[in-house]
Amino acid sequence: MEIAAIIVAAGRGTRAGGDVPKQWRRLHGARVADWTVDAFLSHPRIGRVVLVLHPDDLGQAEGFADAIVATGGATRDASVMAGLEALVGDPPDLVLIHDVARPLVGGRVIDRVIDALDTAAGAAPALAVTDALWMGENGKVSGTHDRNGLYRAQTPQGFRFAAILAAHRAHQDGALPGGAADDVEVARGAGLEVTIVEGDEANMKITGPSDFARAEEMMRDRMDIRVGQGYDVHAFEPGEACILCGVAVPHGQKLKGHSDADVGMHALTDALYGALAEGDIGQHFPPSDPQWKGAASHVFLEHAIGLARSRGYELVNCDVTLICERPKIGPHVGAMRAALARIVDVDVDRISVKATTSERLGFTGREEGIASMAVATLVKA
Ligand code: MG
């Protein structure tokens, strides 16, 4: 079952304020269109995304390397048609048609539309009207309207591809004055039944200036924050220095291990994997694999931070604790923080390294080795 999404972004709407159409305005660190396209590109069930742009906006297409860009027409209907035509050569089974001005669309709404298409010709999210409805004239209430059976329609609106293509073609041929309000209207005009699935208050449409402030607030609230922890131990063996958080600390012994045995960096690396729910260092770099013998541990840490960034996470802070009686860590903490900050490419004031003894208790107290604990916070904005 191949599912494509068409995002209609050819409008010139500047009602939301600003001097560029609303889809190009910044919202929480990216353009409105970036958020909307990403919501579909990152959804596991969506195979292809078509972005329909106004002819004047084709210069913006460079920012959407993973989407198919189509050129829209003078009306919304014509733009949807252009998006459908872009898929005709290799048609998907299902298509979801979405308004670019709903950047907060969530995966669950998309899933509900797709699931309903198992049995329905068309499906679209909506919310039942719960407020009382009035009619008004000259600032005064002139009547009331029964809200029973009324819904606020949202997108994405989903259909079998062949059926909505035929419906839009028929609609174009009919050349109805004014065009259709949405694709549900076009579908119903062609005799398709459309099932209502539960919408989402968060799936708001940005129309006026206050909507930007509300959307910004909602995006801040849905920020994905993850914490991971790591713990590691390495024993001493005869040697001259311990590698700790990337710094060679002179000592009468070294740490024993398959790699350079940097216990602090290993704990931090595991904290990153932990935050991502991506197992641990041994899974990504098996000790049984000879290529990691004597490896510098920054290779592991670079892999973990790279994995985090590839998923859109940034390292907000980390805190590494080294547990040993000796060597004395204090004099090297500055160099360790700087070394870790360089590897993960984060400001040094977000990197903490500290040390404690275990009051001569246990294996660290007996100076048999060094233990380390780390926590790391990742944020996806
Ligand atoms: Mg280790």
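In the predicted model, Phe300 is a buried residue with a relative accessible area of 4%. Phe300 belongs to helix α9, where Leu301, Ala304, Ile305, Leu307 and Ala308 are buried as well. These buried residues cover an arc of only 155° around the axis, which places them on the same side of α9. Their packing partners are α7, α8 (281-284), β17 (314-323), α10 (333-344) and β19 (369-380). The geometry of the helix itself agrees with expectation: α9 comprises 13 residues (298-310), which at 1.5 Å a residue should span 18 Å, and its end C-alpha atoms are 18 Å apart. Just after α9, Gly312 adopts a positive phi of about 90°.

Phe300 also takes part in aromatic packing. Four aromatic pairs are found in a search of the whole structure. One of them joins Phe285 and Trp292 in an edge-to-face arrangement, with 4.7 Å from centre to centre and 85° between the planes. Another edge-to-face pair is formed by Trp292 and Phe300, at 6.4 Å centre to centre and with 80° between the planes. Phe285, Trp292 and Phe300 thus appear as one aromatic cluster. With a relative accessible area of 10%, Phe285 is buried; Trp292, at 17% relative accessibility, counts as buried too, the cut-off being under 20%. The aromatic cluster therefore includes a member, Phe300, that lies on the buried side of α9.

The magnesium ion is bound through three protein donors, namely Asp232 (OD), His234 (NE2) and His266 (ND1), which lie 2.1 to 2.3 Å from the ion. Along the chain, the donors follow the spacing D-x1-H-x31-H. His234 is located in strand β13 (residues 224-238) and His266 in helix α7 (residues 263-275), so the pair ties together parts that are 32 residues apart in sequence. His234 counts as buried at 13% relative accessibility, and His266 counts as buried at 5%. Helix α7, which carries His266, is also among the elements against which the buried residues of α9 pack.

At the level of the whole chain, the domain assignment gives domain 1 (3-222) and domain 2 (224-380). The C-alpha centres of domain 1 and domain 2 lie 47 Å apart.

Several backbone conformations in the model are notable against the general background. Most residues other than glycine have a negative phi, and most peptide bonds are trans. Two cis peptide bonds are described here. The bond from Thr155 to Pro156 is cis, with omega near 10°, and Pro156 is placed in the loop between β10 (151-153) and β11 (157-160). The bond from Arg326 to Pro327 is likewise cis, with omega near 0°; Pro327 is situated in the loop between β17 and α10. Both β17 and α10 are among the elements that the buried residues of α9 pack against.

Positive phi values also occur at residues other than glycine. Cys245 has a positive phi of about 50° although it is not a glycine. Cys245 lies in the loop between β14 (241-244) and β15 (247-250) and is buried, its relative accessible area being 0%. For Glu367, phi is near 60°, again a positive value in a residue other than glycine. Glu367 is placed in the loop between α11 (362-365) and β19, and at 16% relative accessibility Glu367 counts as buried. Strand β19, which borders this loop, is one of the packing partners of the buried residues of α9.

A further buried residue is Asp183, which is found in helix α5 (residues 183-189). The relative accessible area of Asp183 is 0%, so this residue counts as buried. Apart from residues up to four places away in sequence, Asp183 touches Arg76, Val80, Ile97, Gln157, Phe159, Ile164 and His168. Among these contacts, Gln157 and Phe159 fall within the range of strand β11 (157-160), which adjoins the loop holding Pro156.

Note on methods:
Residues are numbered from 1 along each chain as its sequence is written. This is a predicted model: local features need pLDDT of at least 70, side-chain atom pairs count only at pLDDT 80 or more; totals for chains, interfaces and linings use all residues. Side-chain values use heavy atoms; hydrogens and water are left out. Donors are N, O and S atoms within 2.8 Å of the metal (3.2 Å for Na, K and Ca); water is not among the atoms, so sites may look incomplete. Helices (H or I, at least four residues) and strands (E, at least two) are DSSP runs, numbered from the N terminus. Buried means under 20% relative accessible area, exposed over 50%, partly exposed in between (1.4 Å probe, protein chains only). The expected span of a helix is 1.5 Å times one less than its number of residues. The arc is that of the directions from the helix axis to the C-beta atoms. Contact means heavy atoms within 4.5 Å. Domain bounds come from an automatic or database domain assignment. Rings of Phe, Tyr and Trp (its six-membered ring) pair if their centres lie within 6.5 Å; planes under 30 degrees apart count as stacked, over 60 as edge-to-face and the rest as tilted.
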